[in-house]
Amino acid sequence: MKPALGSLLLLISTLALPAGAQPLVVATVKPLALIARDVLGAGAEVRQLLPDGTSPHGYSLRPSQRRLLASADLILWVGPGLEAFLADALGDRPAGRVLTVATLPAIHWPPLEHGAGADDHGADVHSDTADGHAADLHLWLDPRNAAAIAEALVAALNAGDAVPGAAAAGFRVQMAQLEAEIRARLAQAPERTFAADHAAFGHFAARFGLSPAGHLRDAADHATGARSVAVLSARTDIRCLVAEPDSQPERMRHLAARLGARLQVVDALGAGVAAGDGGYAHLLTAVAEDFARCLGAPPLP
Ligand SMILES: [Zn+2]
């Protein structure tokens with residue numbers, strides 16, 4: 001009797017495990033982790049790979065992070081253009097256990113900046129182009145892309161029935177509401193043109209009708225040439241200069257003074273945003289509010 005009971009218990013426990021266990025989703029940067037938590041809820045355990053406020057440009061992995069990656073059921077990242085430090089580590093992972101956001105067909109891409117402001121609606125705008133423009137991979141700053149990421153995430157995990165398919169549809173409805181709120185707030189700003197330290201806001205600008213006038217570091221975080229900086233500094237129509245938390249404050253203050261522009265720190269990575277219900281909406285709302293003030297909107301009542 002005893003051996004039979006033992007194997008029955010073993011059978012029950014192995015059957016029960018998959019039903020009760022949450023899949024482990026490891027997201028590289030905070031915005032992806034916020035989207036994952038919002039849409040997956042209790043259906044998955046979501047861990048954030050990079051600490052808050054850490055730029056993914058030029059990062060390198062620690063051994064503890066490699067162990068976390070190895071234990072993940074699904075790794076969520078933008079792609080090798082943003083998290084270059086992951087490209088090698090993901091080389092031998094099965095395709096179904098990695099979600100590379102930049103390759104999703106549903107992602108919207110902004111037109112590339114071409115100095116004078118000309119638009120390029122080429123079909124391949126999101127890969128690095130021959131003329132040296134780095135693609136803007138801060139793609140979570142377009143709420144339609146957040147919805148696309150949420151959908152792909154739910155689809156990837158649904159193989160294990162972990163998350164109801166309706167979760168992604170609900171998230172998409174929230175994104176449409178969020179977008180309407182942001183449009184209404186930005187409509188209170190008299191300005192549309194801004195310069196930025198780092199070209200991280202192409203997706204946000206394209207979606208909400210703002211005009212990037214130039215930057216000091218391109219989308220891949222490489223310094224732009226002295227001539228483009230000189231051209232930017234000489235402009236007289238820029239009233240808003242956007243810095244990031246890791247910008248050099250002194251350099252930003254000098255440039256803002258030269259332009260006669262308001263200086264505003266905007267955090268594309270949402271370091272100050274509490275992870276929890278609606279975390280992604282808090283991130284994008286904070287970005288929008290900082291842009292609204294930089295562009296001259298009156299303070300909120
Ligand atoms: Zn960046």
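Start by selecting helix 2 (residues 30–40) together with helix 9 (residues 279–294) in this predicted model. Their axes cross at roughly 135 degrees and come within 7 Å, so the two helices are oblique to each other. To see what joins them, show side chains for P31, L34, I35, R37 and D38 on helix 2. On the facing helix, helix 9, add G279, Y280 and L283. Colour this contact by class and you will find five nonpolar residues, two charged ones and one polar one.

Next, move along to helix 4 (residues 143–157) and helix 5 (residues 166–186). Here the axes lie 9 Å apart, and the packing angle is about 175 degrees. Angles over 145 degrees count as roughly antiparallel, which means helix 4 and helix 5 fall under that description. Select P143, R144, A146, A147, A150, E151 and V154 for the helix 4 side of the contact. The helix 5 side is made by A167, A168, F171, R172, M175, L178 and E179. Coloured by class once more, this contact shows ten nonpolar and four charged residues, with no polar ones.

Now zoom out and switch to a cartoon of the whole protein. You should be able to trace nine helices and eight strands. Of the 301 residues in the protein, 39% are buried. For a last stop, try a contact map: taking contacts with a separation of 6 or more, 59% join residues 24 or more positions apart.

Technical notes. Residues numbered from 1 in each chain as written. Predicted model: local features only at pLDDT ≥ 70, side-chain atom pairs only at ≥ 80, totals over all residues. Axes fitted to C-alpha atoms, helices over the stretch in contact; angles between N-to-C directions. Helix = DSSP H or I, 4+ residues; strand = E, 2+ residues; numbered from the N terminus. Parallel < 35°, antiparallel > 145°, perpendicular 65-115°, else oblique. Contact = placed C-beta atoms within 7 Å. Nonpolar A, V, L, I, M, F, W, Y, C, P; charged D, E, K, R; others polar. Buried ≥ 20, exposed ≤ 12 C-beta atoms within 10 Å, placed from the backbone.
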